[in-house]
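Trainee: Please take me through one part of this model in detail. I would like to look closely at a sheet and how its strands are arranged.

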Amino acid sequence: MLMLLPGGGLGMNPSMDDMNLIQAQRHLVRDIGEEIDLEIGPGDDDPSFANTPLLGGPSQEPSAEEQDESKQMSMGSQLPNADQDILKAQPTKRKKKVVKRWREEWADTYKWAYVDVKEGTARIFCSVCKEYGRKHRRNPYGNEGSRNMQMSALEEHNNSLLHKEALRLQMASKDKIVVDKPIYVKALMSKTAGSIIEASLKRDPHEVEFIQSVHEAVHALERVIAKNSHYVSIMERLLEPERMIIFRVPWVDDRGETHVNRGFRVQFNQTLGPCRGGIRFHPKMNLSVAKFLGFQQTLKNALSPYKLGGAAGGSDFDPKGKSDNEIMRFCQSFMNEVYRYFGTDKDLPSEEMGVGIREMGYLFGQYRRLAGNFQGSFTGPRIFWSGSSLRTEATAYGLVFFARLILAELNKDIKGLRCVVSGFGKIAMHVLEKLIAVGALPITVSDSNGYLVDEDGFDYMKISFLRDLKAQQRSLRDYSKTYARSKYYDEAKPWNERCDVAIPCGSQNEIDQADAINLVNSGCRILVEGSNMPCTPEAVDVLKKANVIIAPAMAAGAGGVVAGEIELNHECNVMHWSPEDFESKLQEAMKQTFNRALKAANDFGYQKESPEALLHGAVISAFLAIAQAMTDQGCV
């Protein structure tokens, strides 16, 4: 806010007006903190500042010297011009005061920051990273903030992955008693496991989704790595994909205009067999997401009864609002580049977000044309060469079967339990369908704009109506116009609804820390991951502290892998399975996956009642299978 001194006015005295404007601009810069050189030279720093406590300290009253300076500035317009020039010629002293005030501001904003003297120089350090950080030999912020006190440097560290990881560990340790705290921190911060994460951060610092999936896997494998350091080198090899293909996908729309998208296929690991993995068409698709999905698929396939390699891919193409001809032309252009990497003994893609029956049909048609042969279940469920009768439903039904297995271990039944489901795609709709079939009460679905809750629960007729809404590209809001006991909430998530079981089927990181707290307060006891990595690390910590059992996607979502391999079996392609036979085979496969995860958890000291048992056991079982094969095959 510009402040003009009394007796002066714009246009009355040019020299006085200019002086008033300069004084006002200086007040602006001082308040906002912009355009100030905060570089502290060897002779400019205040030696007493290093010993001044900054964390949470009360703001200090201005000294007499500072008050005098303020009075001199306020009287500046009343001084002769020569005296005003003298005032201007004192930038060093004012800069020092501004810097000191600035330090007080960032100390209040960044509670973790503190100043200490190292080798005769005042440096900024991070108290959180010092205690919980992965770096052991030096503070990761010490060098970065040695002489530069700018807010941008503080903000950069505040948003860094290392700092966020340290905050997560700090939060996870808050509920531990003092005696257990050192043991708990040591278990999460072994140097060997920390070195794996550091190597990933150094190699792929900007791949947020992939780094997060690596963190989760390494945390689950800490006890495994502690028992055998040989697994460190195995894990380092595993985290580097065997093949990453990035290519352009040009296509022409219905108006004749040319567009270019970027395509990806990451064949992550083929140690156990040929790759299997989805293709995703979504505007936010990038290499980090492709690697994260490929890594998750590798572990999921290794955990399933069918030992396979893992892959993932897709494009940043958005199929929404596109005509059938535009999607066909895009799919054909996409396949022109990657067909040479596909095949029954190489890599077979499957449906994922944005890729359904129509897209898979177009992709397979172009593949068959280019490859000159006809190969198996590179398909959608309605294509005649698909032998399985429940291809699309398999993943969703497997989630419900997995929830029933967990409840059976607790001597409980799913009948009558309130279930919240997120998403409005194929998996979410089939989850609702199966929940109704087993007697549960599903009450929610959601889209990108909000969520719909029906207190009476969905039934088959209501699900049919929801499918009609989706087919007609209408909003979920229209459901409430037909069913009075339902309500649509804009810009909200369903996790604050009272429930017993939660099944997120949206996208990665849809449940954050606040959502996890809402779930706990809503009575949720079991969370079954229907999408890959739906919870942030902070959310996982909240759920584990509240003893909410988490069924990881790599175990609970194995139904799709099972269905795909049944389709590839020659006998199944010859004879069509009935829904009952297929469900029986699917339930048996899910039970094997469930028992394998629990056994691995028990072998490494996790009790089956622990919320970490399935979460860590699934990763351990999958990794040990891959590690053994990689050891047997040598360094390839």
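Mentor: Start with a term. Two strands pair if DSSP finds at least two bridges between them. Keep in mind that this is a predicted model.

Now the sheet itself. It is open and has five strands. Their order is β3-β4-β6-β5-β7, and the pairing is mixed. Look at the edges next. β3 (243–252) stands at one of them and β7 (347–351) at the other. Each has a single partner strand, so one side of each is left without a neighbour in the sheet. From one strand to the next, the twist averages 25 degrees.

Go to the β3 edge. β3 pairs with strand β4, which covers residues 258–269. The two run in the antiparallel sense, and ten bridges join them. Pick out one position there: W251 stands opposite H259 in β4.

Helices can be antiparallel too. Take helix α17 (residues 426–437) and helix α18 (residues 460–471). Their axes come within 10 Å and cross at roughly 175 degrees. Angles over 145 degrees count as roughly antiparallel, so α17 is roughly antiparallel to α18. From α17, the residues in contact are M429, H430, L432, E433, I436 and A437. They meet Y460, I463, L466 and R467 in α18. By class, this contact has seven nonpolar, one polar and two charged residues.

Last, step back to the whole protein chain. Its secondary structure comes to 26 helices and 15 strands. Of its 636 residues, 51% are buried.

Technical notes. Residues are numbered from 1 along each chain as its sequence is written. This is a predicted model: local features need pLDDT of at least 70, side-chain atom pairs count only at pLDDT 80 or more; totals for chains, interfaces and linings use all residues. Side-chain values use heavy atoms; hydrogens and water are left out. Helices (H or I, at least four residues) and strands (E, at least two) are DSSP runs, numbered from the N terminus. Axes are lines fitted to C-alpha atoms, for helices over the stretch in contact, and angles run from 0 to 180 degrees between N-to-C directions. Angles under 35 degrees count as roughly parallel, over 145 as roughly antiparallel, 65 to 115 as roughly perpendicular and the rest as oblique. Contact means heavy atoms within 4.5 Å. Ala, Val, Leu, Ile, Met, Phe, Trp, Tyr, Cys and Pro count as nonpolar, Asp, Glu, Lys and Arg as charged, and the others, Gly among them, as polar. Buried means under 20% relative accessible area, exposed over 50%, partly exposed in between (1.4 Å probe, protein chains only).
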